[in-house]
Amino acid sequence: MSIHVHGARLHNLRDVDVEIPRGRLVAITGVSGSGKSSLAFGTIHGEAQRRYFDSVAPFARRLIHTAIDPQVRDITGLPPAVAIEQRPAAPSSRSSVGTITTTGNTLRMLWSRCGDYPDDVAPMDSDHFSPNTAVGACPECSGLGVVHRPTEASMVPDPGLSIAQGAIAAWPGAWLGKNYRDIVATLGHDIDTPWHDLPQQSRDWILFTDEQPVVTVVPTRDADRINRPYQGTYSSAARYVMRTLSETRSATQRARALRFVETSPCPVCHGRRLTPDALRVTWQGLAIDEAQHLPVSRLLPVLRGRLEGLPDQGGSAGEAAERLLLTDLVSRLAVLVTLGLGHLDLARPTPSVSTGELQRLRLATALRSGLYGVVYVLDEPSAGLHPQDVEPLLEVLRGLVEAGNSVLLVEHDMAVVNACDWIVDVGPGAGSHGGEVLYSGPLDGLAAVADSVTARYLHDPFHAGEIRGQDRDGLAREATGQLTVTGIERHNLHDVSVELPLGAFTVVTGVSGSGKTSLLHGILDAVGASLAKVEEQAEETDEEYAGTQGRGAGAAERSESAAASVSGAGRPARLVRITQQPIGRTPRSNLATYTGLFDHVRRLFARTPAAAERGFTAGRFSFNTAAGRCETCQGEGAVSVELLFLPGTYSTCPTCGGARYNPETLEVTWQGRTVADVLALTVTEALPVFAEEAPVRRALVALEALGLGYLTLGQPATELSGGEAQRIKLATELQKERRSPTLYLMDEPTSGLHPADVHRLLATLHALVDAGHTVVVVEHDPAALATADWIVELGPGAGDAGGRVVSTGPAGSTR
């Protein structure tokens, strides 16, 4: 039996026909952007989902807010499909490893049914052992383990300012903040005197009152603006901050509010999150929170030891229930250990887990489903794995195949590709230069495909000359100075110190869970505190390390005891952290807007005679403003279509045809192109168009150098992978042409990249070092390790068995 795809046309796929055998371990390969994910996820999994939705009752389909259009003529032999993708965790402190794997539910049932209760505590159901339920959560902190308290110092960081000058930083910005200021003035408080000179009684009322007076406000605005009186309701700064924390769904707003509170462990549960009675119930001498905080590799022997002590059959009803629960827990946790996740504990918040670990957690959950005859579609399951952890992953994947399933892997790791039964290679290039199936067959036949880039790297994933040049192979740079960081305390790192050369390319490596990312964050904390300026190419909602003076939850996670010292030349003047977080969460954020090149493009259009004649400014050419955008689709290019008794879908805007702009705006052209035409250009196509426009060209050259030439300038942020997002951030940084020494910190920048793209990325990073900067990356990739000037290895194991610097030194001679 095989899956036959006929006429796949999704994204850049060129009417693809391909046959993929079922019951095999299949790798779908190709350079980044070639169309692998479009074939595996968009077409094969998308069509399987569409067929499932077609089988659902029409009324129920209206409740499923998913629009699926695989754009394929036909697929035969397609069984049900399950997709396990690399997507970020929900930004919730209540989501944990235990909740995502469902092992937390079983563990709570174990304590509920089989725990040892004190005489004065009545038996409780499993909800009483969850901090996410009303009956289980500590009443003081609502199950968070910490309490947030706004104080005068946290809400007024600069008491030398007056209220009119913005002394109360915790107030919201824009109109609402001005509204509170006007109300305070109307109530008779002095808004022009420095805050520290106001009476304490007035300060306390403004910041902490529970009163919400309604007053008639006559605002003081500019002379040319109409100032109409209005009824304003006052809310104290503390009330506003706490309401934001409890009600907002915006990660940005929550992160901002946390800057204005002091966060400390809950005084009632002392950070344990549960009610006192729940914490007094034990099993095998452990309270449930103690068990949840044990690394899985240590919790598993405890569970397994008790299971082996129970009779195989018979026994009391309690023993039968305990045996059933333990059998399920042991089998689930054993898979986590096999997948290299034994260092995690069940209480670990999912936002702190990497996307690769998160995908393997979802894979472990899928393994216990017992499904037969389905197609599992996985997105680079080896991401973030140390080479020694790859073989256990392959054993798990082969187990899925042996259980009667088919497994499709979108994969770049050549060790995994070489272990697969069948290869589907997509290419030859990226974007419009890809979208063809170059080969579909056993591994041995790929080498004969001349157009295949993958074939070049199949048995030799490292081509040194493509990165640093043949004349520099194996030669480490001479450091310009030394950075020493001491006293790092974070997760499994305890009082760790590390020395790093400046003006060099350093790789931090080690097994999964050894503490590499924690070390990187420790360096960030220590160096950031010693620099005058910290810059961060991360998503707008990632506030944890923005600046050096933050308060609240972000600051609480820092390595406050860590310190940095620098000797020699090349002292970094800036610190830049580049993450794989999305560059935006809506289609309105795209490649052109994030890199800043679109600002210059809009100015070019505004300077045309046609724009000047119509009075159009640069703002007219933004699809986010009412003046220039198509009002039917609000500048999105597509409209939502609600169908009676059918699921909603999106279709191209009937007014603008997907152009995003209104006809009047599109009447203006620059070099024969409308602004919509420019957004439709790929980076490669845009290079000759903007050859004479230096600000745009700098950004395009940086993007092209990082292998992103296939992306369109208007590519929505929501359609970008984590690897693409990180490279866009790097390109945005590269175009700035830094002259002062900068320290760049990156966490697995090669994740999600084909070996050919890895080489291009590493060449760019080495060029940064040649320009006098310092680059420190967390990496497993052999090409990164082979070309490093300095290697820091953490270990020797994961979790509690790691967290130590086991060796440092030049590549090939770590000590």
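Me: How many of the twelve residues of α4 are buried, and what does that say about how this helix sits in the structure?

Reply: A residue is called buried when its relative accessible area is under 20%, exposed when it is over 50%, and partly exposed in between, using a 1.4 Å probe and protein chains only. Nine of the twelve residues of α4 meet the buried limit, so this helix is largely enclosed by the rest of the structure. The buried ones are T103, G104, T106, L107, R108, L110, W111, S112 and C114. Please keep in mind that this is a predicted model, in which local features need pLDDT of at least 70 and side-chain atom pairs count only at pLDDT 80 or more, while totals for chains, interfaces and linings use all residues. Residues are numbered from 1 along each chain as its sequence is written, and side-chain values use heavy atoms, with hydrogens and water left out.

Me: Which elements do the buried residues of α4 pack against?

Reply: Helices (H or I, at least four residues) and strands (E, at least two) are DSSP runs numbered from the N terminus, and contact means heavy atoms within 4.5 Å. The buried residues of α4 pack against the helices α3 (97-101), α11 (288-292), α12 (296-308) and α13, and also against the strands β10 (282-283) and β11 (286-287).

Me: What span does α4 reach from its first C-alpha to its last, and what span is expected?

Reply: The expected span of a helix is 1.5 Å times one less than its number of residues. With twelve residues, α4 reaches 16 Å, which is close to the 16 Å expected.

Me: How do the axes of α4 and α13 cross, and at roughly what angle?

Reply: Two packed helices are described by the angle between their axes and the distance between the axes. Axes are lines fitted to C-alpha atoms, for helices over the stretch in contact, and the angles run from 0 to 180 degrees between N-to-C directions. The axes of α4 (residues 103-114) and α13 (residues 317-338) come within 10 Å and cross at roughly 160 degrees. That makes α4 roughly antiparallel to α13, given that angles under 35 degrees count as roughly parallel, over 145 as roughly antiparallel, 65 to 115 as roughly perpendicular and the rest as oblique. The crossing of α4 with α13 is left-handed, a word used if the near helix is turned anticlockwise from the far one by less than a right angle, whereas clockwise gives right-handed.

Me: Which residues make the contact of α4 with α13?

Reply: From α4 come T103, T106, L107, M109, L110 and C114, and from α13 come G318, E322, L325, L326, D328, L329, R332 and L333. By class, the contact of α4 with α13 has eight nonpolar, three polar and three charged residues; here Ala, Val, Leu, Ile, Met, Phe, Trp, Tyr, Cys and Pro count as nonpolar, Asp, Glu, Lys and Arg as charged, and the others, Gly among them, as polar.

Me: At roughly what angle do α12 and α13 cross?

Reply: The axes of α12 and α13 come within 9 Å and cross at roughly 150 degrees, which makes α12 roughly antiparallel to α13. This crossing of α12 and α13 is left-handed. Among the residues making the contact are V296, L299 and L303 of α12, and E322, L326 and L333 of α13. The contact of α12 with α13 divides into twelve nonpolar, two polar and four charged residues.

Me: Is H386 buried or exposed?

Reply: H386 counts as buried because its relative accessibility is 17%. It lies in the loop between β12 (375-379) and α15 (387-402). Leaving aside neighbours within four places in sequence, H386 is in contact with T509, G510, V511, S512 and H780.

Me: Is G568 buried or exposed?

Reply: G568, in strand β20 (residues 563-568), counts as exposed at 64% relative accessibility. Not counting residues up to four places away in sequence, G568 touches T480 and G481. The C-alpha atoms of G568 and T480 are separated by 6.3 Å, although these residues are 88 apart along the chain.

Me: Where do Q284 and P428 lie?

Reply: Q284 lies in the loop between β10 and β11, and has a positive phi of about 55 degrees although it is not a glycine. Q284 is partly exposed, with a relative accessible area of 43%. P428 is found in the loop between β14 (422-427) and β15 (436-441), and the peptide bond from G427 to P428 is cis, with omega near 0 degrees.
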